[in-house]
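Please open the structure in a viewer and keep the selection panel at hand. The tour below proceeds from one selection to the next.

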Amino acid sequence: MFNSRKFVFKVVAILLVLGLSPLGMQQANGAAPSAPQRQSSLLVENATVAVEFGKTITFAATLKDPIPNKQVSILFRGLDEKITRVETVAVGDDGSVKYTYDASQNFFPPFSWVVFWFQATLADGQTYTSSPITFQYNDNRFPWREASRANVTVHWYAGDDAFGTAALGAAGAGLLAMNEVIPVSLDTAINVYIYSNVDDLKGTLELGGESWAGGHANPELGVVLAAIAPGSPQQIEMEIEIPHEITHVMLYKALGENYAKQPAWLLEGIASMVELYPNPDYARALEIASESESLLSFEDLCASFPADAGNAFLAYAQSQSFVSFIRNTYGNAGLARLMDSYGDGFSCELGATNALGTPLSQLDTRWRETVLGQNVLGVAARNLSPFILLMALVLVVPIWGAIDLLRQRRKRGQQSE
Ligand SMILES: [Zn+2]
């Protein structure tokens with residue numbers, strides 16, 4: 001259950017720390033309000049934020065120097081938002097202010113960062129602005145536990161210590177698998193939140209104003225959400241969902257604003273390719289669709305995936321197989337050129353021509369002939385799966401050793417550049 005008093009205390013502690021280094025914070029997140037010339041600082045003490053996830057956010061503080069005589073504005077926005085919300089708040093004689101925001105009508109995404117500050121124009125005509133304070137809008141309805149290795153933290157509330165360790169292992173193995181495809185930044189913090197059931201996760205996303213589709217990643221936040229119940233299938237689910245969603249986060253870090261320019265089949269294909277446990281139903285879905293001539297065209301999978309579950313499943317199966325085919329044919333360098341092309345703004349069809357010398361429609365045909373005509377690669381991938389699974393189970397410690405080594409090498413490389 002949600003313990004609001006404990007949470008408020010925690011936030012206060014965090015805010016006090018943050019409040020000590022407003023300059024660093026401004027540099028880190030670019031959240032500082034722009035500074036007009038006639039602007040002076042407004043001193044704020046005892047700032048607190050009490051979050052009741054999906055319901056309310058209550059801001060409270062004491063304004064010290066100067067104390068605005070009647071009212072002050074509280075300004076706040078998500079760190080990635082362009083629009084700042086502005087509300088007028090009454091000021092008590094002692095400078096105290098309190099404002100409750102209705103988070104059930106105006107959403108912030110779960111686990112996103114929110115920045116707020118105060119501003120007042122006084123009788124002297126000067127505008128006084130406080131230092132910005134940042135906090136995380138966490139889903140605090142669950143008793144989260146956490147465990148970290150390197151740049152990854154997993155959070156869960158059902159399951160024992162071994163559950164958390166297994167999730168960390170799946171995340172680490174996913175990072176290494178991803179690194180085989182595209183070198184990834186291992187300094188990027190990734191937070192994986194594991195709900196124990198789909199309804200909990202769905203509820204969280206709805207309260208955050210987002211829709212649900214299987215696992216979920218907020219790549220720009222470095223946040224991954226998954227629904228995995230403790231129990232016997234947990235290992236397989238972890239090895240599918242966690243690497244997939246982490247790959248979205250890492251791709252976003254690698255591509256930045258070019259992430260949004262990539263075709264859906266390419267992003268989902270890479271993420272599905274990095275899954276550690278090949279989905280045995282994908283091969284079957286491809287076989288059936290191929291025989292009944294109901295395969296989807298990749299041109300139609302550029303902007304988005306189909307909404308209905310059946311075709312969406314087929315879209316994942318196709319994308320995983322298609323991107324594996326491209327990687328087998330053109331190597332990782334080919335995949336990198338493809339992402340560069342789409343990042344440069346090439347159309348879905350011509351991006352492939354520019355990067356690989358073959359338009360998308362022709363690649364599609366070749367894939368149908370080579371992969372679906374013979375099904376050689378599918379068989380090879382399936383034969384490999386027990387080995388990969390075993391590796392991930394046994395090599396949890398070597399995984400993190402390897403990641404540490406990679407990080408050290410990267411750092412040394414950066415220093416010597
Ligand atoms: Zn995905």
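In which helix do His244 and His248 lie, and how many residues apart are they? Both lie in helix 5 (residues 234-255), 4 residues apart, about one turn of the helix. Helices (H or I, at least four residues) and strands (E, at least two) are DSSP runs, numbered from the N terminus.

This is a predicted model, in which local features need pLDDT of at least 70 and side-chain atom pairs count only at pLDDT 80 or more, while totals for chains, interfaces and linings use all residues. Residues are numbered from 1 along each chain as its sequence is written, and side-chain values use heavy atoms, with hydrogens and water left out.

**The zinc site**

Select the zinc ion next. Its coordination comes from His244 (NE2), His248 (NE2) and Glu268 (OE), at 2.0 to 2.1 Å. Donors are N, O and S atoms within 2.8 Å of the metal (3.2 Å for Na, K and Ca); water is not among the atoms, so sites may look incomplete. Along the chain, the donors of the zinc ion follow the spacing H-x3-H-x19-E. Colouring by accessibility shows His244 as buried, at 6% relative accessibility, and His248 as buried, with a relative accessible area of 6%. Buried means under 20% relative accessible area, exposed over 50%, and partly exposed in between (1.4 Å probe, protein chains only).

**Ile270**

Move to Ile270, which is placed in helix 6 (residues 264-274). Ile270 is buried, at 0% relative accessibility. Leaving aside residues up to four places away in sequence, Ile270 touches Ile182, Thr247, Leu251, Val323 and Met339; contact means heavy atoms within 4.5 Å. A distance label between the C-alpha atoms of Ile270 and Leu251, 19 residues apart along the chain, should read 9.1 Å.

**The five-stranded sheet**

Now display the open sheet of 5 strands, whose order is 10-11-12-14-13, with mixed pairing. Two strands pair if DSSP finds at least two bridges between them. Strand 10 (145-149) and strand 13 (216-218) stand at the edges with a single partner strand each, so one side of each is left without a neighbour in the sheet.

Within this region, strand 11 (residues 152-156) and strand 12 (residues 190-195) pair in the parallel sense over 5 bridges. Select Trp156 to find Ile194 of strand 12 opposite.

Finally, add helix 3 (residues 161-181), which lies across strand 10, strand 11 and strand 12 and runs at about 145° to strand 11. Axes are lines fitted to C-alpha atoms, for helices over the stretch in contact, and angles run from 0 to 180 degrees between N-to-C directions.
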